[in-house]
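This briefing is intended for a reader at the bench who wishes to go through a model topic by topic. Please keep the sequence and the structure in view while reading.

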Amino acid sequence: MTTTLTGRDSVVVAPPADRAVGRPSAAGWAARGAVGAALFGLVFLFPLTRSGVDVNIYTEAVIYAIIGLSLNVLLGYAGQISLGHQAFVGVGAFTSAYMVTVHEQNFVAAVGIAVAVGAAQALILGLVSLRVSGLYFALVSLAYGSMAEEWLFNISSLTGGGSGQPAPKPSAFATDHRYYYLCLAFLALVLFLDWRLTSTKTGRALLALRSNPRVAESFGASVKRYTLLAFVVSGAFASLAGALLAHNTTRVVSSQFQFQLALLFVIMTVVGGLRSRVGVVVGSAFFSLASYLFDHLHLARAVGALPFLPNLSPDIAPLVLGPLLLLFTLTRHPGGMAEFLDPFQRWLLGERAKPRRTVTIDLREPRGSNGA
Amino acid sequence: MRKGLVTSIALAAVAVGALLVEGPRGRQSLVIGLVAGSGYGLVALGLVLVYKSSGVFNFAQGEFGTIAVFALWGAHSVGVPYGLAMIAGLVAALASGLATERFVVRPLRDAPRVTLLVATAGVSLLAIGVEIWLGEARLRFVAPALGRFDRVSVFGFRVSDQRLLVIGTLALLAVLVALFFSRTNLGLGILAQSENPTAAELMGISAQRLSMYTWAAAAVLGGLGGILTAPLANGFGPGFVTLSTLIPAFTAAVLGGMTSLPGAFVGGIVVGVAESVTTSYPVFTDHFPGSRSVVIFVLLVAVLTLRPEGLLAPRATSGQGAL
């Protein structure tokens, strides 16, 4: 159990999955070992066989996973939504590039400053949007993203104007491959922080808030403070991802951070599966790589051959299929890809597929607080 | 209510007076802002309607308008008379509103608000995707409903009939919708349901039917906003209303307190005038090349910080205030 809340009115708490370990046979272990090794090879070794732009694209997929986790903190844990996440990522990218190029800081300092700036902007926007209860962060971040796109990212002394700001890779990770592993390490760090966030008191408070803010508040969890914390963590992760993105392409241009990107972030996070780290990472990487896979697996011809979708070219297909997938996920499979990944993950870890035991503690409205 | 209203009116009077006195540029930006603001107000009315009944920011509101514009353009370009083409546009908007309600809103009835919000953004995105797919990402032009532009002039500036139509429609609709909420059973039912869904259901109010009516009405309002303002723009393309109007319209609605219909009307005008002032003076345009989005962001932040309950709201509430 992950809660110590007691009393008649309480919150719904999903305890950690039952880790009832089965006993796979030797062949079972061999199969798991083979699949595990293949996955390990795909992530850690396969990029070594490629070079140049391909590696940059894989690195970008890793960075998108960080962005997905960043949005998951808001959408999955705090029940808030940012529609200006491209601006948060962009601010991180430009801050880091500016620090390295103009102020000749080293990579670590630049990324650190970018993360701090990202957290600060999220804090300020969060404070403004929490003046009224509701999802105002959606509106504030949307307007912020629009302002960043049209004004902030075009201030040439900060962003280098139309030609962009150079952002060289750190000297120790100057090759594409080394940088890929550096980004993997950062992803691992973010995953660790995310795990700590969810497995501590903070995480339980956020979970309770999402289920029922009124009850959680009556148990002493400050809605405002924890939601703000989620904004800050999300902003910091997004900025980190932005900084990594900047040095991956070695140049940041303002046109990289348009509004459509924010919607792609939302789609990849939701379709991946909110509140599932594996789901979000896989979903984000998948959407990041979608057009690359489309090209390399010759899916374009397959889609073009579908009789009911005339002239759905590979450029346009994601614009139609992405939102459809989002709506389908929301209305039919709210767990996203994670719904399908979860059994696989448990099999891989040698756990018997056993339905998750959820403890639903009866949740009554506190008396006399209706329609407040 | 009184104090806020008086302060707002006084501020507005000072601003308008200053613009009138300042000279032709001030007067021109006032007229332009009034017209642009009416367009924002029209979209904001639909946003407020949905927010009042279900507490959701409807990010699909703009696309109801774009769909109507595409239908109007399509019908008109194959020779359907303009009046009938306008009706075709409104029917298309209505159909998309009903489809949204049936396939997205209804299945998510018991889902958290944030899920529904994401879903409306998904609807908007899907609509834009389909528009690009079927209509290509190019600009089109649509004729105005009223072609004359030399009949009326305000402060020495010609105001076309189409622009007058936009302002008039907004004013009329704001009054009609306000009356609808305070006088009709249906309107009162919607309010009752947003206040306390369980109690409303027990009183025999069908939540499902109300939801359907609300989305239908919001879609028609959005469609009307689209087909009236599209002829005034320099062409329209996929996502036209969403890209040009949604953020100012949300700002307008927040200025009005998110639940107030007259507030949405006033908020729209405020946003429109503020925007046209900042884009017509070199003081702003020289220093803020993207001043349009800056002023809207500043307005949004300012109202949330200084007066989060909105300009016309009676008191600080969490968005459940009456008219």
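The notes below treat confidence, overall make-up, two helices, the contact between chains, the core and selected residues.

The structure is a predicted model, in which local features need pLDDT of at least 70 and side-chain atom pairs count only at pLDDT 80 or more, while totals for chains, interfaces and linings use all residues. Residues are numbered from 1 along each chain as its sequence is written, and chains are lettered from A and ligands numbered from 1 in the order in which they are written.

**Confidence**

- Chain A has a mean pLDDT of 83, and 84% of its residues reach 70 or more; pLDDT is the predictor's confidence in each residue, from 0 to 100.
- Among the elements of chain A, helix α4 (residues 107-129) has the highest mean pLDDT, 95, and helix α13 (residues 299-304) the lowest, 64.
- Residues 1-8 of chain A have pLDDT below 50, and this stretch makes 11 contacts in the model beyond near neighbours in sequence; two residues are in contact if their C-beta atoms, placed from the backbone, lie within 7 Å.
- Residues 361-372 of chain A also have pLDDT below 50, with 20 contacts beyond near neighbours in sequence.

**Overall make-up of chain A**

- Chain A contains 15 helices and 2 strands; helices (H or I, at least four residues) and strands (E, at least two) are DSSP runs, numbered from the N terminus.
- Of the 372 residues of chain A, 45% count as buried; a residue is buried if 20 or more other C-beta atoms lie within 10 Å of its own, exposed if 12 or fewer, and partly exposed in between, with C-beta atoms placed from the backbone.
- Among contacts in chain A between residues at least 6 apart in sequence, 79% join residues at least 24 apart.

**Two helices in chain A**

- In helix α3 (residues 85-101) of chain A, 16 of the 17 residues are buried, so this helix is largely enclosed by the rest of the structure.
- The end C-alpha atoms of α3(A) are 24 Å apart, which agrees with the 24 Å that its 17 residues should span at 1.5 Å a residue; the expected span is 1.5 Å times one less than the number of residues.
- In helix α1 (residues 26-45) of chain A, the number of buried residues is 0 of 20, so α1(A) lies largely in the open.
- From its first C-alpha to its last, α1(A) reaches 26 Å, close to the 28 Å expected.

**Contact between chains A and B**

- In chain A, 39 residues are in contact with 40 residues of chain B.
- On the side of chain A that touches chain B, α4, α5 (136-150), α11 and α14 (317-332) each supply at least two residues, and α5(A) gives the most, with 10 residues.

**Nonpolar core**

- The largest nonpolar core has 206 residues, and those with the most contacts inside it are A:I66, A:L240, B:L45, B:L117 and B:L300; such a core is a set of buried Ala, Val, Leu, Ile, Met, Phe, Trp, Tyr and Cys residues joined through C-beta atoms within 7 Å.
- Not counting residues up to four places away in sequence, B:L300 touches A:L139, A:V140, A:A143, B:T251 and B:V254.

**Selected residues**

- A:T101 lies in helix α3 of chain A and counts as partly exposed, with 18 C-beta neighbours inside 10 Å.
- The C-alpha atoms of A:T101 and A:Q165 are separated by 7.6 Å, although these residues are 64 residues apart along the chain.
- A:T250, in the loop between α10 (223-249) and β2 (251-252) of chain A, has a positive phi near 60° and is a residue other than glycine.
- A:R275, in the loop between α11 (259-272) and α12 (277-296) of chain A, has a positive phi near 70°.
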